[in-house]
Amino acid sequence: MNQKTPRLGGKKSFITRRSALKTLGAASAIGLAPGYVRYAQAQTSEPLKLGFQLHSTGIGAAYGRWYDRTTQAAVKLINAAGGIAGRQVEIVTEDDGTDPKRGAEVVEKFASQHKVDLVFGTLFSHVVIGSAPRAGELKMPYFVVSEGYHVASGALNRYVFQPGITDVRSQVSSMAPWIAGNLGKKVTMIFPDYAFGHDHRDFFTAAIEKQGGSIAALLPIPPTETSYTKYFPQIPAETEVIYHVMVGPGVLTFVKEMGEHFGSQRPQIFGFIDSLEAVDIASPGLEFLEGTYFWESYPRYAGANQSPEDKFYREHVGVDGNGASTADPKDISTFSHMFGCWETLYVIKQAIEASGYKSPADKAALIEATESMTGFAAGNEHPQGEKTFDGKRHQCYGHQFISKVEGQRLNVVHKTSIEDGMYENDTDYTKQSL
């Protein structure tokens with residue numbers, strides 16, 4: 001799959017004072033920094049080519065569809081406001097099938113065939129881990145929108161960043177105190193049996209033990225599983241909290257079968273919203289979720305105190321106040337993940353403009369400019385909220401949310417501080433050569 005976002009204008013375009021003022025007004029109207037006059041050269045410059053590694057098919061397809069919508073919406077705004085450093089942005093999309101081997105091949109194709117300036121967008125952790133080494137070998141800046149701890153852990157390389165979404169270790173570290181204090185301390189974990197799930201297993205185990213809790217059982221689920229009834233009898237009777245984080249096309253089946261197994265006699269249940277991304281909470285069979293809790297990175301429901309930036313973001317991506325497509329209320333977004341594409345694109349914009357990047361010869365300057373960042377303010381470019389950024393770890397840290405299912409919708413009951421999700425490690429990518 002190879003999709004390209006049309007470039008505005010061309011080499012023979014001419015800009016009149018009237019048309020420049022008209023475009024400047026349009027940029028102001030959409031709430032972004034004007035920048036048009038400074039970047040008037042955009043109409044005669046070569047486009048900035050960004051390789052978009054997308055899960056169009058495979059178990060990540062539902063996420064991929066919304067990652068694409070979010071990316072196209074952000075690029076439309078960026079280009080309308082003058083592009084990046086005076087150049088229009090062209091998105092070159094390749095499907096990796098949510099497959100690690102294909103992921104590495106896609107990175108190679110971006111570099112050798114499409115000759116993109118950088119690559120971004122990868123979500124599933126096993127695909128990131130399979131693709132990142134090739135990005136490092138090719139010296140290709142690689143901005144992932146994943147969540148795995150693989151970036152911050154130091155396991156990858158200096159060309160890989162995760163600046164637009166927090167990692168699992170940060171998420172579970174901030175959640176564990178609330179779970180232990182409000183739901184229980186004897187936890188059974190149900191998680192996917194690959195890197196993303198292993199991060200949950202390892203870091204939540206450590207975090208709950210730090211709160212005086214313990215793990216009653218660990219139930220890893222193969223990513224290709226389609227029925228889950230055989231796993232639920234393995235949950236020990238002493239379990240106080242079931243912690244679940246499932247992904248892929250089987251999530252609705254998983255949640256329904258869990259409800260059929262427990263009925264009204266159930267432990268407390270805390271899930272990561274991954275188990276319900278792209279799934280309508282009001283779907284038949286999910287009634288038993290009433291009163292259970294979920295982690296959300298970005299609350300699906302707008303709420304009574306909706307921020308201006310949240311309203312702006314939803315409007316431009318085409319998502320209503322319930323987290324569904326404005327064109328089809330049955331089309332539920334992957335709201336707690338897809339914002340990462342939007343925010344990552346604006347980080348890329350900031351890094352390119354700060355570095356003076358003009359061609360692949362300037363990639364080292366781009367890497368160093370990204371590493372020099374320390375945080376991002378909440379606003380139209382970062383609608384999920386403010387974040388800090390650790391240039392040594394190549395990882396950002398932000399607020400997390402705990403929501404309760406009430407009346408077949410999610411209502412936020414707790415918001416963490418950024419400090420709640422901070423941790424110590426000795427990763428320092430800046431010591432690696434470029």
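Is Ala85 counted as buried, partly exposed or exposed, and at what relative accessibility? In this predicted model, Ala85 has a relative accessibility of 31% and therefore counts as partly exposed, since that class lies between the limits of 20% and 50%. Ala85 belongs to the loop that joins α2 (61–80) and β3 (89–95). Its phi is positive, near 50°, in a residue other than glycine.

Thr98 likewise is not a glycine, and its phi is positive at about 55°. The residue sits in the loop between β3 and α3 (100–114). With a relative accessibility of 6%, Thr98 falls under the 20% limit and so counts as buried. A positive phi is also found at Gly263, near 60°, directly after helix α7.

Helix α7 covers residues 251–262, which makes 12 residues. From the first C-alpha of α7 to the last the distance is 17 Å, close to the 16 Å expected at 1.5 Å a residue. Its buried residues are Val251, Phe254, Val255, Glu257, Met258, Gly259 and Phe262. The spacing of such positions can be read against the general geometry of a helix. An α-helix has 3.6 residues a turn, so residues three or four places apart point the same way. The buried residues of α7 are covered by elements that include the strands β7 (186–192), β9 (241–244) and β10 (268–272).

The loop between β8 (214–221) and β9 contains Glu240. Glu240 has a relative accessible area of 34% and is therefore partly exposed. Although Glu240 and Pro267 are 27 residues apart along the chain, their C-alpha atoms are separated by 5.2 Å. When neighbours within four places in sequence are left aside, Pro267 is among the contacts of Glu240, together with Gln268. The other contacts of Glu240 are Leu183, Gly184, Lys185 and Lys186.

The largest nonpolar core holds 105 residues. The members that touch the most others are Ile179, Ile190, Phe204, Tyr243, Phe270, Leu276 and Trp342. Helix α9 (residues 335–355) gives the most to this core, contributing 11 residues. For Phe270, contacts beyond four places in sequence include Met175, Ile179 and Leu183. Phe270 also contacts Val241, Ile242, Tyr243 and His244. The remaining contacts of Phe270 are Tyr293, Phe294, Trp295 and Ile402. Apart from the largest core there is a second, separate core of 16 residues, among them Val106, Ala132, Ala135 and Tyr429.

Pockets were examined next. The largest pocket has a volume of about 510 Å³. It is lined by 24 residues, and those closest to its centre are Pro299, Ala302, Asn305, Ser307 and Phe401. Helix α8 (308–317) and strand β18 (410–415) each supply at least two residues of this lining. The element that gives the most to the lining of the largest pocket is β18, with 4 residues. Sorted by class, this lining comprises 10 nonpolar, 8 polar and 6 charged residues.

In the second largest pocket the volume is about 310 Å³. Its lining consists of 16 residues, and Ser173, Ala207, Lys210, Asp420 and Met422 lie nearest its centre. The elements that contribute two or more residues to this lining are the helices α5 (168–182) and α6 (195–210). Helix α5 provides the largest share of the lining of the second largest pocket, namely 6 residues. By class, the lining of the second largest pocket divides into 8 nonpolar, 4 polar and 4 charged residues.

A search of the whole structure for enclosed space finds 1 cavity of 30 Å³ or more. The volume of the largest cavity is about 90 Å³. Residues that line the largest cavity include Tyr63, Leu123, Phe124, Ser125, Ser146 and Glu147. The lining of the largest cavity also includes Tyr194, Phe196, Val247, Asp274 and His337. In terms of class, the lining of the largest cavity has 6 nonpolar, 3 polar and 2 charged residues.

Methods: Residues numbered from 1 in each chain as written. Predicted model: local features only at pLDDT ≥ 70, side-chain atom pairs only at ≥ 80, totals over all residues. Heavy atoms only, no water. Expected span 1.5 Å × (residues − 1). Buried < 20%, exposed > 50% of the residue type's maximum accessible area, 1.4 Å probe, protein only. Contact = heavy atoms within 4.5 Å. 1 Å grid on protein atoms, 1.4 Å probe; cavity = no way out; pocket = protein on both sides within 12 Å on 5 of 7 lines; lining within 4 Å. Points joined across faces, edges and corners; volume = space filled by probe spheres on them. Nonpolar A, V, L, I, M, F, W, Y, C, P; charged D, E, K, R; others polar. Core = buried A, V, L, I, M, F, W, Y, C linked by side-chain atoms within 4.5 Å.
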